[in-house]
Every structure is written in C-alpha cells, then in structure tokens.
There are 2 protein chains.
Amino acid sequence: MKKYDSLKLENQLCFPLYAAGKEIVRKYHPVLEKLNITYTQYITLLVLWEQDGLSVKELGKKLYLDSGTLTPLLKALETKGFVKRVRNSRDERLVEVFLTSEGRALREEALSVPLQVGQCVALSKDEAMQLYSLLYKLLGNLTNEGDNSE
Amino acid sequence: MKKYDSLKLENQLCFPLYAAGKEIVRKYHPVLEKLNITYTQYITLLVLWEQDGLSVKELGKKLYLDSGTLTPLLKALETKGFVKRVRNSRDERLVEVFLTSEGRALREEALSVPLQVGQCVALSKDEAMQLYSLLYKLLGNLTNEGDNSE
DNA sequence: TGCAATTAAATTGCGTACAATACGATTGTA
DNA sequence: TACAATCGTATTGTACGCAATTTAATTGCA
C-alpha cells in the first residue's frame with residue numbers, strides 16, 4: 001500500500017456511486033421528456049401515486065430532498081396541471097400536495113418508463129437485488145448516523 | 001404482481017442509486033470545504049494527481065463529465081491556483097491541464113479525506129467491494145452505447 | 001498541392017437541479 | 001401572552017448536461 005493509494009480514483013467507492021447515479025438519471029431524460037416531466041418530478045409523482053396528499057415535508061423525507069428543492073419543483077408540477085398544492089386548514093404551516101385527474105392519468109403513460117430504462121441496466125436479477133440492498137443499507141447509515149461534523 | 005407495482009418507489013433500482021449518490025457527495029462538502037474545493041473539483045484533482053497534463057476531453061472521459069461542465073470547473077481551479085491550463089502547441093484544439101506546486105501540495109492535505117468520509121460508510125469490507133464491482137459493472141453498460149475508445 | 005468539406009475540441013449560453021441560509025407565518029407551550 | 005419550534009418560501013451559489021458556436025485539424029478531391 002503506497003502512500004497515495006487511498007487517493008486513487010479507482011480506490012474510491014463514492015466515485016462510481018456518483019457517476020452511476022448521474023448516468024442512470026440521464027437515461028431517464030429522453031423517456032420522461034415525452035411525459036413532460038424531469039426525473040425529480042417523476043420520483044415525486046411515484047410517491048404521490050402511491051399515497052396522495054402528502055405534505056412537502058413528508059415528500060422530502062421519502063425522497064431525501066429538502067423543502068428548498070421541493071417547493072419550486074412542486075410549483076412546476078402545479079403549473080403543468082399534475083398536482084394541486086393546498087394548505088392544511090388545521091395547521092396552516094403544512095402544504096399538502098394532491099394529484100389532479102391529469103396527474104392520475106399520467107400514471108398510465110408512465111407504466112412503460114421502467115421497461116424502457118431497464119433495458120439499459122444489463123445486470124442479472126440477482127445482481128440487481130444485491131445492488132439494491134447494498135444501496136439501501138448504505139443510504140440508511142448515511143442518513144441516520146452518518147454525521148461527521150466535528 | 002399488480003398493475004402499478006413497477007411504479008412503486010421501492011421497486012426502483014435507480015432511486016437508491018440517485019439518492020445514495022447525492023447523500024454521499026454531501027458528506028464530502030464539510031470536509032472539502034477546508035481544502036477550498038468542491039466534490040467535482042476533488043475528483044478532478046484525484047485524476048490529475050495520478051496523471052498530470054491530461055486534456056479536457058481525457059479528463060471528461062475518466063470522470064464521466066461533459067466538457068461544458070469541466071471548462072468552468074477547471075477555470076475555477078486555475079483561479080484558486082491549483083492548476084494551469086495550456087493549449088497544446090502541436091494541436092491547438094487541445095487544452096491540457098497541469099498541476100501547480102500548490103496543486104501538488106494539496107495532495108498531502110487531501111490524504112485524510114477518504115478516512116474522514118469513510119467513517120460514514122458502515123459497510124463491511126466485503127460489502128463495499130461487492131457494491132464497488134456492481135457499480136462499475138452498471139456504469140460500464142450504461143455508457144457502452146456512447147463511446148468507449150481510449 | 002490547394003481549397004472546400006468534414007471532423008474534433010473547447011467554450012459559451014441556457015435551463016434545471018440541489019443545498020444552505022435567512023426569513024415569515026403559524027402553532028404549541030411554558 | 002411571550003417564545004421556541006415547525007414548516008414552507010425566497011434567495012443565492014454551485015453543479016450539470018445539452019445545443020450552438022468558434023477555432024483547429026484532417027480528409028476529399030480536382
């Protein structure tokens with residue numbers, strides 16, 4: 001082990017994670033463009049399709065995004081007519097996000113998205129599952145106990 | 001398998017990849033801040049520390065970054081005094097990037113970076129290696145249909 | 001050879017994404 | 001009723017890719 005080995009690009013775990021994340025998101029662009037949404041908007045809709053009416057904060061927790069990112073994103077989705085943002089009348093600090101009928105209809109068109117992008121991922125089912133569980137394990141300890149401030 | 005199962009967030013491979021990539025890069029910020037560089041600048045320096053004098057294009061290939069991303073980044077590194085950008089005299093289309101003595105000196109300070117960030121990654125050595133090889137495999141077939149010449 | 005057409009590399013401009021910070025409004029509570 | 005906590009928004013700065021542009025090198029062809 002030489003002195004600078006830890007600084008070789010090939011010895012970084014973070015780098016392929018960073019690069020693969022970027023590259024795969026890029027694969028979504030041409031596909032999602034036809035639906036008139038971006039990748040971040042897409043994963044937001046994935047959550048809403050499962051559970052409508054979540055608050056900005058709840059969405060952020062599920063998507064690992066902060067409200068400063070979500071606010072403009074949700075406004076864009078509202079402008080496109082896919083969601084409505086409404087303040088909760090009981091607690092007016094909360095903004096809840098609801099799908100419109102257009103937003104619900106988009107779910108049908110989105111059905112083909114995973115197939116189209118999945119063709120770029122030439123991993124076996126086993127490998128994909130392994131990768132999936134390793135990523136969630138990593139994600140778990142990055143966001144729970146990973147505080148490295150001094 | 002229900003109709004919309006493929007659109008559940010939990011069934012996406014891309015999402016944990018995207019999220020983990022973002023989160024781990026975020027861990028670098030406070031550490032790299034002390035060196036006065038960003039994460040993208042850091043990985044660029046990692047490459048240059050191994051091999052000085054690469055062109056913008058060659059850097060882009062190694063880092064999976066577009067030249068439109070690298071140009072302002074390299075200018076920033078130049079402003080900070082870590083690199084010099086010089087046009088190749090034989091082929092004046094090429095801009096080659098060289099470390100300054102400050103840039104080389106920064107390598108010493110960077111030695112502690114992997115250690116500091118590595119503490120956030122609570123994977124076993126085996127798991128880390130598995131993740132590493134799966135990511136590179138994925139990265140390989142994500143970028144296949146682009147170009148692969150060296 | 002000599003010059004046009006093509007190819008290649010870097011830059012510029014634009015649009016989106018994301019985080020950090022400060023701020024304002026609301027709520028719960030001491 | 002004052003005050004701290006909570007939630008969303010506005011602002012700012014960096015990051016990133018794509019498309020169009022500029023400049024340089026190469027190729028095709030007469």
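**Exercise 1. Determine how chain B can be laid on chain A, and state the relation between the two copies.**

Solution. Step 1: superpose the copies by least squares on the C-alpha atoms of residues with pLDDT of at least 70 in both. A turn of 180° with a shift of 0.0 Å along the axis lays chain B on chain A, and the RMSD is 0.1 Å. Step 2: the two copies are thus related as by a two-fold rotation axis. Step 3: consider the interface, where contact means heavy atoms within 4.5 Å. Of the interface residues of chain B, 92% are also interface residues in chain A, so the copies meet through the same surface.

The model is predicted: local features need pLDDT of at least 70, side-chain atom pairs count only at pLDDT 80 or more, and totals for chains, interfaces and linings use all residues. Residues are numbered from 1 along each chain as its sequence is written, chains are lettered from A and ligands numbered from 1 in the order in which they are written, and side-chain values use heavy atoms, with hydrogens and water left out.

**Exercise 2. Describe the open sheet of chain B and the helix that lies across strand 2 and strand 3.**

Solution. Step 1: take helices (H or I, at least four residues) and strands (E, at least two) as DSSP runs, numbered from the N terminus. Two strands pair if DSSP finds at least two bridges between them. Step 2: the open sheet of chain B has three strands in the order 1-3-2, with antiparallel pairing. Its edge strands, each pairing on one side only, are strand 1 (54-55) and strand 2 (83-87). Step 3: five bridges join strand 2 of chain B to strand 3 (residues 95-99) of chain B in the antiparallel sense. B:Lys84 has B:Phe98, in strand 3, as its bridge partner. Step 4: helix 4 of chain B lies across strand 2 and strand 3, and runs at about 125° to strand 2 of chain B. For this angle, axes are lines fitted to C-alpha atoms, for helices over the stretch in contact, and angles run from 0 to 180 degrees between N-to-C directions.

**Exercise 3. Identify the residues and elements that surround DNA strand C.**

Solution. Step 1: count a residue as near a strand if one of its heavy atoms lies within 4 Å of it. DNA strand C is surrounded by 24 residues, the closest being A:Thr38, A:Thr40, B:Tyr18, B:Ser67 and B:Lys75. Of the atoms of DNA strand C that come within 4 Å of the protein, 85% are accounted for by sugar and phosphate. Step 2: list polar contacts (pairs of N or O atoms within 3.5 Å). Phosphate oxygens of DNA strand C lie 2.6 Å from a polar side-chain atom of B:Arg85 and 2.6 Å from an N or O atom in the side chain of B:Thr71. Step 3: helix 1 (14-33), helix 3 (56-63), helix 4 and strand 2 of chain B give two or more residues to this surface. Helix 4 of chain B gives the most, with four residues.

**Exercise 4. Carry out the analysis for DNA strand D.**

Solution. Step 1: among the 26 residues around DNA strand D, A:Tyr18, A:Thr71, A:Lys75, B:Thr38 and B:Thr40 come nearest. Sugar or phosphate holds 87% of the strand D atoms within 4 Å of the protein, and the rest belong to bases. Step 2: the side chain of B:Thr40 places an N or O atom 2.3 Å from a phosphate oxygen of DNA strand D. A polar backbone atom of B:Arg90 is 3.3 Å from a phosphate oxygen of DNA strand D. Step 3: helix 4 of chain A gives the most to the surface near DNA strand D, with four residues.

How values were computed
Polar contact = N/O pair within 3.5 Å; in protein donor to acceptor, adjacent residues only side chain to side chain.
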